[in-house]
Amino acid sequence: MQPPAPVAEEKPRPAILGPVRVLVALVAVATFAITGYGWHGVDALVSDIERIDNLSLGGGRDGAVDILLVGVDSRTDAHGDPLSDDERAMLHAGDEVGTNTDTIVLIRVPNDGSSATAISIPRDSYVDIPEFGKGKINSAYGATKETERLELLNQGVSESAAEDRSTQAGRKALISSVANLTGITVDHYAEVSLLGFVLLTDAVGGVEVCLTDAVDEWMSGADFPAGVQKLNGPQALSFVRQRHDLPRGDLDRIVRQQVFMAQLVSQMLSAGTLGNPGRLQQLSDAVGRTVVLDEDWDVLAFLRQLRDLSAGQVRFETIPVADLNGMTAYGEAVVKVEPKTVKKYVASLVGEQGANEPAVLPASVTVDVYNSSGVAGLAGQVSEALTGKGFRPGEIGNWTGETALASTVVAADADDPKAAAVAEALGGLPVRTDAAVLPGAIGVVLASDYSGPGSSAAGVFDFSETAAATATPVPPAPPIAAGNTGPKCVN
């Protein structure tokens, strides 16, 4: 069985790396909040926002509003009007047309509006994409849209209708991909263009940032000294889009985005912005021109929920990464993530029942792997896959007992949480008790039915594609709060 072809990755373009558009979306939420009680023109603000429908969204039935905020690399504004020549020059935007979603943030706001948690998803996260199989999450929107557009054109659908319908298909694919990865049903959708980030930054009079070291990186245009400094919109764009020459690449870029958002939200919720009609008008203009929301979102009701939100109650998180330097069987560099680990982590952030149960650290578990499948080398491949997930390798060899009919995890106690962790890592294998296994020891017996990580059937799903010595797991970083005093210094 051949694995599905990978979703084609867009070609890198030095001028625009696109990681920051979603910053403006989070800021838009804060903008709605402050204008809701600080400016009487909120009705006009809401009426100017472009709306989209038919996105198959949830309804906030789980006690919170979950918002997917997406940054789109676009040469048009939210209403489809082309950017001016001056705006394109300011953004270093070329003539290439595409739909890249290089920054994706899921924000959860409890129904009482008392707090907000923004969860960043790395753009290269290797996930399941509807209709395509495995691919980078930032390709879900664009690849689905282009495939659907070409099919519609071949059916005789007009260019404009094909554009509209394929765009909706792309949005739905991204929403589904995020939901499948995080376990969170998306209730509302916000999409923001590149221009919006610059306009909102300038609307608050620039934003302070702090660098631990000076940077000069031509691809992003980031050229800044070390220390605290205030950046205008175009400068801030370079600051948050840099990922080359950073120790952790895209993850360090996400940290930059988060500290920048934290400082921007803090400034937007300050008395200086609330009391300045000119600043509020700039914010209104920026939101109206660059933000797209789903049709069913009652923004005025949402504003009332956020009335008591303070900067200190806005925090920023990043999903855990299993391998920062992953590689597929096709030679594509990816960030590998474990959906079950991500779901558990997100559940702990949003306070779902069972999220506080003690977790087993893979590094504390040694796993012996035995081959009863007749497939040469399978035990070694599965052991490597487990090591790539953080488990410690144990004995590797052939099973000496009767030929196993089904793959299992074996332990002295079938309720051993370590056995459950290994079973989960291998795709949900059953756990059985074996009197010959010492207490605390964990073994895996592989039968001919095995198709999980390390098997040929797993294909591009296989974590053994990354050698254990090069796997780069990244634990979740400490949260960043918007209420901190001054900007946090970062790489």
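Contact here means heavy atoms within 4.5 Å. That is the yardstick for the packing around helix H14, taken up first below. The model is a predicted one.

Helix H14 covers residues 417-425, and its buried residues are Ala 419, Ala 421, Val 422, Ala 423 and Ala 425. These buried residues have plenty of company: they pack against strand S16 (366-371), helix H13 (378-388), strand S18 (408-411), strand S19 (431-433) and strand S20 (442-446). At the start of H14, Asp 416 offers a side-chain oxygen that comes to within 2.9 Å of the backbone nitrogen of Lys 418. After the helix comes Gly 427, with a positive phi near 95 degrees.

Stepping back to the whole chain, the protein has 14 helices and 22 strands. Of its 491 residues, 55% are buried. When contacts with a separation of 6 or more are considered, 75% of them join residues 24 or more positions apart. The protein exposes about 20400 Å², and carbon and sulfur atoms supply 51% of that area.

Two further helices are worth a look for how they sit in the fold. Helix H6 (residues 194-203) has eight of its 10 residues buried, so it is largely enclosed by the rest of the structure. The buried set in H6 is Leu 194, Leu 195, Gly 196, Phe 197, Val 198, Leu 200, Thr 201 and Ala 203. Gly 205 follows H6, and its phi is positive, near 80 degrees.

Helix H7 tells a similar kind of story. Seven of the nine residues of H7 are buried, so this helix too is largely enclosed by the rest of the structure. The residues in question are Gly 233, Ala 236, Leu 237, Ser 238, Phe 239, Val 240 and Arg 241. At the start of H7, a side-chain oxygen of Asn 232 gets to within 3.0 Å of the backbone nitrogen of Gln 235. Within H7, Ser 238 counts as buried because its relative accessibility is 9%, and a residue is called buried when that value is under 20%. Leaving aside residues up to four places away in sequence, Ser 238 touches Ser 220, Gly 221, Ala 222 and Phe 224.

Helices H4 and H5 make a packed pair. Two packed helices are described by the angle between their axes and the distance between the axes. For H4 (residues 140-154) and H5 (residues 159-182), the angle is about 145 degrees and the axes are 7 Å apart. The crossing of H4 past H5 is right-handed. On the H4 side, the contact is made by Ala 140, Tyr 141, Thr 144, Lys 145, Glu 148, Arg 149, Leu 152 and Leu 153. The H5 side contributes, among others, Glu 159, Ala 162, Glu 163, Arg 165, Ser 166 and Leu 174. Sorted by class, this contact has eight nonpolar, five polar and seven charged residues.

Away from the helices, Asp 124 sits in the loop between strand S4 (116-121) and strand S5 (125-129). Despite its loop position, Asp 124 is buried, with a relative accessible area of 10%. Its side chain makes a polar contact with the side chain of Arg 123, at 3.2 Å. Not counting residues up to four places away in sequence, Asp 124 touches Lys 136, Asn 138, Arg 243, Val 334 and Val 335. Asp 124 and Gly 135 are 11 residues apart in sequence, and their C-alpha atoms lie 8.4 Å apart in space.

Finally, a couple of backbone oddities. Most residues other than glycine have a negative phi. Asn 54 is not a glycine, yet its phi is positive, at about 60 degrees. This residue lies in the loop between strand S1 (50-52) and strand S2 (64-72), and Asn 54 is exposed, with a relative accessible area of 55%. Asp 245, also not a glycine, has a positive phi of about 65 degrees. Asp 245 is found in the loop between helix H7 (233-241) and helix H8 (250-268). Its relative accessibility is 65%, so Asp 245 counts as exposed, the cut-off for that label being over 50%.

Terms used
Residues numbered from 1 in each chain as written. Predicted model: local features only at pLDDT ≥ 70, side-chain atom pairs only at ≥ 80, totals over all residues. Heavy atoms only, no water. Helix = DSSP H or I, 4+ residues; strand = E, 2+ residues; numbered from the N terminus. Buried < 20%, exposed > 50% of the residue type's maximum accessible area, 1.4 Å probe, protein only. Polar contact = N/O pair within 3.5 Å; in protein donor to acceptor, adjacent residues only side chain to side chain. Axes fitted to C-alpha atoms, helices over the stretch in contact; angles between N-to-C directions. Left-handed = near helix turned anticlockwise from the far one by under 90°. Nonpolar A, V, L, I, M, F, W, Y, C, P; charged D, E, K, R; others polar. Areas by Shrake-Rupley, 256 points an atom, 1.4 Å probe, with all protein chains shown as cover.
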